[in-house]
Amino acid sequence: MRLPSGRRLDLLSPTPFDWTDEDLAIGLARTFRWGGHSVWPGAPLSVAQHSLAVLALRRAKAKGGLAQAEARRELLHDAEEGLLGFDCISPLKPFLGAGFAALQDRLSAVVALRYALPPWSPETKRAHKACDIALAAAEAVHVAGWTAAEVRGTLGIRAAVIDADPLAPQYGGDPWRPWPPEQAAERFLSALRSLAR
């Protein structure tokens, strides 16, 4: 794939040098959650905005705070989706098979190498997943238009639906409103740069 910077990414044989930080931010800002569907007029919710929300929620819940590398890992937890340009909705993943999983794993590995991400421990993975799932439940209601009952009964997400948008204290605006892609890319890139080694 040719990226906005002009660099080329071979999805079957990626290296950590195939993209710029700007390419990644743009890719994540143009990759949409929930199949691109939203109850909000305008842009759907980007993976860039979701990633920032997961980081904000994880920081709020972390006793003693997060180290820079841990915060970077939270921000980049879905980075491979920005390189692929595709956030697969959960019910579809089993049908894409082992080849797609291997592709995601290769991209995740080069992201981890590029940004010196520490491996997940069982404890940090659990803490991350709790925030990621909590955000999924909240997004389902506040962005995608499901009811709280449907989140549990239809989507099978076993997390309470939080009302407070974790990004509102920092960025303001209407809680849960998806940002335009240019704004999402700019905010993601600023966060990534602030967490540079």
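In this predicted model, tryptophan 176 sits in the loop that runs between α8 and α9. Loop or not, tryptophan 176 is tucked away: its relative accessible area is 7%, under the 20% cut-off, so the residue counts as buried. Its backbone is a little unusual too, with a positive phi of about 75° even though the residue is not a glycine. Setting aside neighbours within four places in sequence, the contacts of tryptophan 176 include Trp40, Leu135, Ala138, His142 and Val143. Ile162, Asp163, Ala164, Asp165 and Pro166 are also in contact with tryptophan 176. One way to see how the chain comes back on itself here is to look at valine 141, which is 35 residues away from tryptophan 176 along the chain, with 9.8 Å between the two C-alpha atoms.

The other end of the chain offers a similar pairing. Methionine 1 belongs to the segment before α1, and its C-alpha lies 9.0 Å from that of leucine 84, although 83 residues separate the two in sequence. Beyond its neighbours within four places, methionine 1 touches Arg7, Arg8, Leu9, Leu11, Leu83 and Leu84. Even with these contacts, methionine 1 is partly exposed, at a relative accessible area of 42%.

Helix α2 covers residues 47-61 and is a well-behaved one: its 15 residues reach 21 Å from first C-alpha to last, close to the 21 Å expected at 1.5 Å a residue. It is also mostly covered, with 11 of the 15 residues buried. Among them are Val47, Ala48, Leu52, Val54, Leu55 and Leu57, along with Gln49, His50 and Arg58. Plenty of other helices pack against these buried residues, namely α1 (21-29), α3 (68-75), α4, α6 (122-142), α8 (168-171) and α9 (181-194).

Helix α3 has buried residues of its own: Ala71, Arg72, Arg73, Glu74 and Leu75. Their cover includes α2, α6 and α9. Between α2 and α3 there is also a charged link, as arginine 58 makes a salt bridge with glutamate 74, the closest N and O atoms being 3.1 Å apart. That pair joins distant parts of the chain, since arginine 58 is in α2 and glutamate 74 in α3, 16 residues apart. Both arginine 58 and glutamate 74 are buried.

Helix α5 (93-114) is a bent affair. Its 22 residues would span 32 Å if the helix were straight, but the end C-alpha atoms are only 26 Å apart. A kink of about 70° is centred on glycine 99. The buried residues of α5 are Phe100, Leu103, Gln104, Leu107, Val110 and Val111, and α4 is part of what covers them.

Just ahead of α5, in the loop that follows α4 (79-84), comes isoleucine 89. Isoleucine 89 is partly exposed, at 41% relative accessible area, and joins Phe86, Leu92, Phe95 and Leu96 in a nonpolar surface patch. Together these residues offer about 470 Å² of accessible area. On the far side of α5 comes alanine 116, in the loop leading to α6. Like tryptophan 176, alanine 116 has a positive phi without being a glycine, here of about 50°. Alanine 116 is partly exposed, with a relative accessibility of 36%.

As for charged pairs, the whole structure contains 7 salt bridges. In one of them, arginine 114 meets aspartate 21, with 3.1 Å between the closest N and O atoms. Arginine 114 lies in α5 and aspartate 21 in α1, so this pair ties together parts of the chain that are 93 residues apart in sequence. Aspartate 21 is partly exposed, at 22% relative accessibility. A more local pair is found in α6, where the side chains of lysine 129 and aspartate 132 form a salt bridge at 4.0 Å, N to O. These two are 3 residues apart in the helix, so about one helical turn separates them. That fits the general pattern: an α-helix has 3.6 residues a turn, so residues three or four places apart point the same way. Lysine 129 is partly exposed at 35% relative accessibility, whereas aspartate 132 is buried at 13%. Finally, Arg33, Asp87 and Glu139 are linked in a network of salt bridges.

Note on methods: Residues numbered from 1 in each chain as written. Predicted model: local features only at pLDDT ≥ 70, side-chain atom pairs only at ≥ 80, totals over all residues. Heavy atoms only, no water. Patch = residues over 30% accessible without salt bridge, like charges linked within 9 Å, V, L, I, M, F, W, Y side chains within 5 Å. Areas by Shrake-Rupley, 256 points an atom, 1.4 Å probe, with all protein chains shown as cover. Helix = DSSP H or I, 4+ residues; strand = E, 2+ residues; numbered from the N terminus. Buried < 20%, exposed > 50% of the residue type's maximum accessible area, 1.4 Å probe, protein only. Expected span 1.5 Å × (residues − 1). Bend = angle between axes of the 7 residues up to and from the residue. Contact = heavy atoms within 4.5 Å.
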